[in-house]
Amino acid sequence: MTRAQQRALAQLWQEYGIADEPAVLDFATVFERGGPVEMEIGFGDGEMLCDLAQRYPDTNYLGIDVYRPGIGSLLLKLKRQRITNVRAICADAALVVAQRIPVSSLAAVYLLFPDPWPKKRHHKRRLLQQVFLDQLRERLRLGGRLHIATDWQAYAEQILMHAAQVPGLTRIVADGSEALRAEKRPRTRFERRGQRLGHPVWELLFQRTA
Ligand SMILES: C[S@@+](CC[C@H](N)C(=O)[O-])C[C@H]1O[C@@H](n2cnc3c(N)ncnc32)[C@H](O)[C@@H]1O
């Protein structure tokens, strides 16, 4: 962790952080206003979260990650760019979603380049399993979107297989994943690195339909 990240965690967490406790969140209290809430799981250094928050100032953004240096980077960006519509939780997203996110509350969920855990014996650690996909569906509002991207083909196939078992979570098929990506989200840092290495990206977009 850099000194700047350490300082940010010490000085800015009060302003942008949400305490790690098991109570269900009241978004109006958390963001000190109403409005739609979108959530990013595994925001890395927070680049995309800041980009979205600036482009859509009327939307509230909730970021969840476990990596403290990345959270420090997010806090620095929020302060420097004077962003007020983002809050962060430092905890395992599986627990946060199960315990803290109200049902039918989210306009969108982003999960971009989740850790692929390539070794077979580690597949059980992958976040996007059927039960979790169903919990995400339940936390979305009707019509809300779940946006997933990965550069790991086998993970993409597993996600599609599990999502097909979740009633009420419908895949939105668009012509050309590139157009879909550009319309909905900026490229992430991890994605740019993959691009330099020539990795293709699987863009998976779902909607809560029931
Ligand atoms: C491969 S990185 C991708 C970061 C960013 N989305 C990007 O595309 O540049 C995966 C991120 O997910 C976070 N992460 C992994 N497991 C998590 C969990 N169970 N709960 C919350 N965050 C998690 C990691 O700390 C890391 O920041």
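Biologist: How many residues of domain 1 are in contact with domain 2, and how many of domain 2 with domain 1?

Modeller: This is a predicted model. The chain is divided into domain 1 (1-26 + 44-92) and domain 2 (103-210). Their C-alpha centres lie 22 Å apart. The contact takes in five residues of domain 1 and six residues of domain 2.

Biologist: Of what classes are the residues on the side of domain 1 that touches domain 2?

Modeller: Five residues of domain 1 make that contact. By class they are one nonpolar, one polar and three charged.

Biologist: Which residues come nearest to the ligand?

Modeller: The ligand has 21 residues around it. Domain 1 and domain 2 each give at least three residues to this shell. Nearest come G42, G44, Y67, T188 and F190.

Biologist: Which element gives the largest share of the shell around the ligand?

Modeller: Elements giving two or more residues to the shell are β2 (60-65), α5 (93-100) and α9 (189-196). The largest share is three residues, and it comes from α9.

Biologist: How do the residues of the shell around the ligand divide by class?

Modeller: There are 21 residues to sort. They divide into twelve nonpolar, four polar and five charged.

Biologist: Is α1 roughly parallel or roughly perpendicular to α4?

Modeller: Take helix α1 (residues 3-16) and helix α4 (residues 68-80). Their axes come within 8 Å and cross at roughly 65°. Angles of 65 to 115 degrees count as roughly perpendicular. Therefore α1 is, relative to α4, roughly perpendicular.

Biologist: Is the crossing of α1 and α4 left-handed or right-handed, and which residues make the contact?

Modeller: The two helices cross in a left-handed sense. From α1, the contact uses A4, Q5, Q6, A8, L9, L12, W13 and Y16. From α4 come R68, P69, I71, G72, S73, L75, L76, L78 and K79.

Biologist: How does the contact of α1 with α4 divide by class?

Modeller: Both helices contribute, with L9 and W13 of α1 and L75 and L76 of α4 among the residues. The count is eleven nonpolar, four polar and two charged.

Biologist: Is α5 roughly parallel or oblique to α6?

Modeller: The axes of α5 and helix α6 (residues 130-139) are 10 Å apart. The packing angle is about 45°. Angles under 35 degrees count as roughly parallel, and 65 to 115 as roughly perpendicular. The angle here falls in neither range, so α5 is, relative to α6, oblique.

Biologist: Which residues of α5 and α6 meet, and of what classes are they?

Modeller: α5 passes α6 in a left-handed crossing. A94, V97 and A98 in α5 meet F132, Q135, L136 and R139 in α6. By class, this contact has five nonpolar, one polar and one charged residues.

Definitions and conventions. Residues are numbered from 1 along each chain as its sequence is written. This is a predicted model: local features need pLDDT of at least 70, side-chain atom pairs count only at pLDDT 80 or more; totals for chains, interfaces and linings use all residues. Axes are lines fitted to C-alpha atoms, for helices over the stretch in contact, and angles run from 0 to 180 degrees between N-to-C directions. Helices (H or I, at least four residues) and strands (E, at least two) are DSSP runs, numbered from the N terminus. Angles under 35 degrees count as roughly parallel, over 145 as roughly antiparallel, 65 to 115 as roughly perpendicular and the rest as oblique. A crossing is left-handed if the near helix is turned anticlockwise from the far one by less than a right angle, and right-handed if clockwise. Two residues are in contact if their C-beta atoms, placed from the backbone, lie within 7 Å. Ala, Val, Leu, Ile, Met, Phe, Trp, Tyr, Cys and Pro count as nonpolar, Asp, Glu, Lys and Arg as charged, and the others, Gly among them, as polar. Domain bounds come from an automatic or database domain assignment. A residue is near a molecule or strand if its C-beta atom, placed from the backbone, lies within 6 Å of it.
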